[in-house]
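Please open the model in a viewer and follow the stops below in order. Each stop names a selection and then describes what is found there.

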Amino acid sequence: MNNTSVHISEIKARAMEIRKSVISSLTAAGSGHLGGSLGLADIFACLHFSFMSHKPDNPNWIDRDRLILSIGHVAPVLYASLAHAGYFPIEELNTLRKFESRLQGHPGRDHGLPGIELSAGSLGQGLSVAVGIALASKMDQRKNRIISIHGDGELQEGSIWEAAMSAAHHKLDNLIAIVDRNFCQIDGRTEDVMALEPLAAKWESFGWNTLKLNGNNVSEILQALDEADSFQGKPSVLIAKTLMGKGVPEIEDDYKWHGKAPSEAEARLFIQELEKNQ
Amino acid sequence: MALVARELIPSRTGFGKGLAEAGALNPKVVGLGADITASVSMNLFAERFPERFFSMGIAEQNCVGVAAGLALAGKIPVFSTYGVFATIRTLDQIRISLCYNNLHAIIGGAHAGISVGPDGATHQALEDIAVMRVLPNMTVLSPCDATQARLCTLAAIENNDGPAYIRFGREAVPDFTDENQTFEIGKAQLLAKGTDVTLMATGHLVWEACQAADILALQGISAQVLNFHTIKPIDKAAIIDAAKSTRAVVTAEEHQLMGGFGSAIAEVLVMNYPVPVEMVGINDMFGESGKPHELMLKYKLTAVDIAMAAERAIQRK
């Protein structure tokens, strides 16, 4: 993996483009989930522009790494990242959530958008699906990696822990789960709504190789992905501490922006803020 | 017409045989077990293909999601446990991960109906047809005996796209359908011709419907028997033809009356060719412990109950 400073600044620039597209597409849509989408932009940039083996011009390439987005509500960051990676035209991002768009409110494979691996929106299901794909890859002796992305609030779903148990039991070291640890959910702070800590200890006790990192720091993300990739015998989880709304100080770490779209005036301001803090 | 039963055998045995055969025919077939592998007859597959069988523990929701992942990666997963847990505990996973993604996976619902007996209400799947048939993309299969369950399982694996639910029972029941029958998903099977009433049945109650036709014959009533091994997609043409030719219908199922097989028949009839319909099934209540035959009598699911329903339907013509 090429983790040079040039490479890192390139990924940071991609993350910036993704963030701008997230803001503009949500503004065009008039609804959707801004906070988590911005918080995950660095992770998506690292995945699509560095870590993952994939072919945007051949989305069904059999040996591709598979990205399973379990938290369908942050679809805007998935769409923005896919578009910037070349899966479909960037202008199409402005059709988000609109009638007959390929960009459904939560990702839907039946609408024909290239790069969507799973229709998802009901929380707690994506890790099980990732386990199934990882099992199949092991059976077929494929070398591809399966990456699933989860919210921290999502971990309150019991089915996540069924899946976690099964991934460790079947020694799925081709599976990397990424937890977006932003401590926010709709009702408030995760530790007030339903406490998750000690979160790393939970995953460790379930038999996972557990890594903690700053999920808004590109070099830390790349390093953690590489460590997870080379670890053998256990699945890996990246507990990635992020800031909801990262990049726009007005809304950073504010759970009220979990499920809200900016107005046009707000969007202009937010994009200015992004550029200022670049 | 007097159909003859070759032996008494549970339909789950047919599922197990069909799965093992499909496994031999197609290396993509993968089994997922939820701790009751032998109870649902998946041990036949697990013993022959240990590298394609995964023990998943008592975690049904995860099993459905894992099945979705296996299907996304090109496998044909088959997951089976008791029908109650296979369908209702996992309903959201089936709806989103399997049906919305429209993935080719098979869910086997074992121990369906009240004839599970002594385990009582918690383990008697009486709502599974209703909740599975309402899901877009889902195929719902309910074979009537072990011979048909085997063919049904093979067809669901080899001749179907998308998700399928197969319902089968625990008790040894008459095995009577032709070993050389052709099994086509979506086609009702005519077991007896008649002119006065059509008995439409699914699962274990198909045999009871055949016995009911014999009882009715003794009274000079000519009853036709149609076996619906496929509840979704339902065979509309067969239902409408039968309604036109006999002008009275009885439906019979080991399942709640609301939303189940009888409802599926009634939906077709009211919109296309309304005729009097009487329904045999469970009337909005939970089951209880008992011997299978005791429960079938108490909950009015026997050949006599079907024959009496036929008389009521004919009177309403």
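**Salt bridges**

Begin with the whole structure, a predicted model, in which a search over all chains finds 28 salt bridges. To see one of them, select A:Arg19 and A:Asp42, whose side chains meet in a salt bridge at 2.7 Å, N to O. This pair links distant parts of the chain, with the two positions 23 residues apart in numbering: A:Arg19 belongs to helix α1 (residues 5–29) of chain A, and A:Asp42 to helix α3 (residues 41–51) of chain A. Side chains of opposite charge can pair when their charged atoms come close.

**The sheet of chain A**

Next, display chain A as a cartoon and find its open sheet of five strands. In what order do the strands stand? The order is β1-β2-β3-β7-β6, and the pairing is parallel. Select β1 (66–69) and β6 (209–214) of chain A to mark the edges; each has a single partner strand, so one side of each is left without a neighbour in the sheet. From one strand to the next, the twist averages 20 degrees.

Now move to strand β3 (residues 175–181) and strand β7 (residues 236–241) of chain A, which run parallel and are joined by six bridges. A:Asp180 can serve as a marker here, as its bridge partner in β7(A) is A:Ala240. Then add helix α9 (residues 218–230) of chain A, which lies across β3, β6 and β7 of chain A. The angle between helix α9 and β6(A) is about 170 degrees.

**The sheet of chain B**

Turn to chain B and select its open sheet of seven strands, arranged as β3-β2-β4-β5-β7-β6-β12 with mixed pairing. Strands β3 and β12 (230–232) of chain B are the edge strands, each pairing on one side only. The average twist from one strand to the next is 20 degrees.

Within this sheet, strand β6 (residues 139–141) and strand β7 (residues 164–167) of chain B run parallel, and three bridges join them. Select B:Leu141 to locate its bridge partner in β7(B), B:Ile166. Helix α7 (residues 146–158) of chain B lies across β2 (29–33), β4 (76–82), β5 (106–110), β6 and β7 of chain B. Helix α7 runs at about 175 degrees to β7(B).

**Where the chains meet**

Finally, show both chains together. How many residues does each chain bring to the contact? Chain B brings 25 residues and chain A brings 27 residues. Between them the chains bury about 2,100 Å², 56% of it on carbon and sulfur atoms. Select B:Asn62, B:Leu72 and B:Tyr100: these supply 28% of the area that chain B buries against chain A, more than any other three residues.

Across this interface the count is 12 residue pairs in polar contact. On the side of chain B that touches chain A, β3 (53–55), α3 (60–72) and α5 (91–100) of chain B each supply at least two residues. Which of the elements gives the most to that side? It is α3(B), with nine residues. By class, the side of chain B that touches chain A has 12 nonpolar, eight polar and five charged residues.

For the last stop, select A:Asp140 and B:Lys75. One salt bridge is found across the interface of chain B and chain A, and the side chains of A:Asp140 and B:Lys75 meet in a salt bridge at 2.6 Å, N to O.

Key. Residues are numbered from 1 along each chain as its sequence is written. Chains are lettered from A and ligands numbered from 1 in the order in which they are written. This is a predicted model: local features need pLDDT of at least 70, side-chain atom pairs count only at pLDDT 80 or more; totals for chains, interfaces and linings use all residues. Side-chain values use heavy atoms; hydrogens and water are left out. Contact means heavy atoms within 4.5 Å. Buried area is the accessible area (1.4 Å probe) that two parts lose on being put together, summed over both. A salt bridge is a side-chain nitrogen of Lys or Arg within 4 Å of a carboxyl oxygen of Asp or Glu. A polar contact is a pair of N or O atoms within 3.5 Å; within protein, one must be able to donate a hydrogen and the other to accept it, and residues adjacent in sequence count only if both atoms are side-chain atoms. Helices (H or I, at least four residues) and strands (E, at least two) are DSSP runs, numbered from the N terminus. Ala, Val, Leu, Ile, Met, Phe, Trp, Tyr, Cys and Pro count as nonpolar, Asp, Glu, Lys and Arg as charged, and the others, Gly among them, as polar. Two strands pair if DSSP finds at least two bridges between them. Axes are lines fitted to C-alpha atoms, for helices over the stretch in contact, and angles run from 0 to 180 degrees between N-to-C directions.
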